[in-house]
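Me: I've just opened this one and don't know my way around. Please walk me through it, starting with the empty spaces inside.

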Amino acid sequence: MNAYLTELDTKGYIDEPIDPTLDLVEEINKLKKEKNAVLLAHYYQDSEIQDIADYIGDSLGLSQEAAKTDADVIVFAGVHFMAETAKILSPEKKVLLPDLKAGCSLSDSCPPHLFAKFKDRYPDHIVITYVNCTAELKALSDIVCTSSNAVQIVESLPPDQQIIFGPDKNLGDYVKRKTGRDLVLWNGACMVHELFSQERIQQLRERYPQAKFIAHPECEKELLDGADYIGSTSGLLKYTKENTADTFIVATESGIIHQMQKASPGKTFIPAPPNNACACNDCPYMKLNTLEKLYNCMKFELPEVDLPADVIARAKRPIERMLEISERLGL
């Protein structure tokens, strides 16, 4: 065990040799049954991980699933803050993450000790934090939100209630414009959603004039202003299923395109190009998880994500408030 813990400190994951003749999908499914484990995967995971998950979703759906599962073990194929959220909602369960270094640039952009000082400057404000943040930041919050419900949560509060919104300035600005509320924004952002090239997207739109351009609200305002539809990851997926267009330019992490293609095999999905040499836009943290890491994670039940009891208690209240509001609003 000590050797494994040392390996986790250096690599972030269990790097035990795996028999190359093993069918990893079959073995992972066996381990799920043996350990009464549920595998939750975000839409941004590699397609091979999505295809063996028990539940695939965006942050709101994953939070709801983590809160209600009766599994003994939650295996989170996502990033660190998502596994933390699962632990907060199900503290009695073991929560595993294939790679501890699967972090989040947005979460990193808002250190809790600095946010606490920022919060102190606005004593009459309540704090709404986007779920893409650390457990410590959630513990400083009054309500957590996701991109699926941020607008509705703000609208559910009294019009005279003053609000701090963090850590994503682009989502916050989008919510300000949709609700007309004067939110105080923390200056954080997701590197994936800030890399899109407006010039290259415009070239694509000229090449595919009938295509619908759809974007996640973590994108910058100038890009959102030209979108045919703006929505959360699950909202984007739903839109592509229901809209009659046959071609879509998709401005979010490209992992969601796997589900779009499965749901609408006759349609064409083009990942919006970023402002770099890559042809698509991938989150390097999300892509740290692999089938091999997932198998070792489940076999050895490491890395485990745990949190201090006081952080769990303080962070649970704002998440539960989000889930209550979402349920009340039918989200």
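**Cavities, pocket and helix contacts**

Reply: Lining the second largest cavity are S59, L62, S63, A66, F76, F81, M82, T85, A86 and V131. On a 1 Å grid over the protein atoms alone, a cavity is a set of points where a 1.4 Å probe fits but cannot get out, and lining residues have an atom within 4 Å of a point. This is a predicted model, where local features need pLDDT of at least 70, side-chain atom pairs need 80 or more, and totals for chains, interfaces and linings use all residues. Residues are numbered from 1 along each chain as its sequence is written, and side-chain values use heavy atoms, with hydrogens and water left out.

Me: Which elements give two or more residues to the lining of the second largest cavity?

Reply: α4 (59-68) and α5 do. Helices are DSSP runs of H or I with at least four residues, strands are runs of E with at least two, and both are numbered from the N terminus.

Me: What volume does the second largest cavity have, and how do its lining residues divide?

Reply: Its volume is about 60 Å³, meaning the space filled by probe spheres set on the points, which are joined across faces, edges and corners. The lining has seven nonpolar residues, three polar and no charged. Here Ala, Val, Leu, Ile, Met, Phe, Trp, Tyr, Cys and Pro are nonpolar, Asp, Glu, Lys and Arg are charged, and the others, Gly among them, are polar.

Me: OK, how many cavities of 30 Å³ or more are there?

Reply: Two. The largest holds about 250 Å³ of space. It is lined by 26 residues, and Y44, N132, C190, E218 and M286 are the closest to its centre. α5 (80-89) and α6 (105-108) each supply at least two residues of that lining, which divides into 13 nonpolar, ten polar and three charged.

Me: And how much space lies in the largest pocket?

Reply: About 310 Å³. A pocket is an open set of points with protein on both sides within 12 Å along at least five of seven lines. Among the 18 lining residues, S148, Y229, I230, G231 and S232 are the closest to the centre. Two or more residues each come from α9 (150-155), α10 (169-179), β10 (229-230) and α13. α13 gives the most, with five residues.

Me: Back to α5: which residues in it meet α16?

Reply: T85, K87, I88 and L89 do, and on the α16 side the residues are I312, A315, K316, I319 and L323. Contact means heavy atoms within 4.5 Å. Six of these contact residues are nonpolar, one is polar and two are charged.

Me: At roughly what angle do the axes of α5 and α16 cross?

Reply: Roughly 95°, and the axes come within 9 Å. Axes are lines fitted to C-alpha atoms, for helices over the stretch in contact, with angles from 0 to 180 degrees between N-to-C directions. That makes α5 roughly perpendicular to α16, a label for angles of 65 to 115 degrees.

Me: Switching to the backbone, where is P303?

Reply: P303 sits in the loop between α15 (291-300) and α16. The peptide bond from L302 to P303 is cis, with omega near -5°. Another cis bond runs from G166 to P167, also with omega near -5°, and P167 is in the loop between β7 (163-166) and α10.

Me: What about phi of N36?

Reply: Phi of N36 is near 50°, a positive value in a residue other than glycine. N36 is in the loop between α2 (24-34) and β1 (37-42).

Conventions: Parallel < 35°, antiparallel > 145°, perpendicular 65-115°, else oblique.
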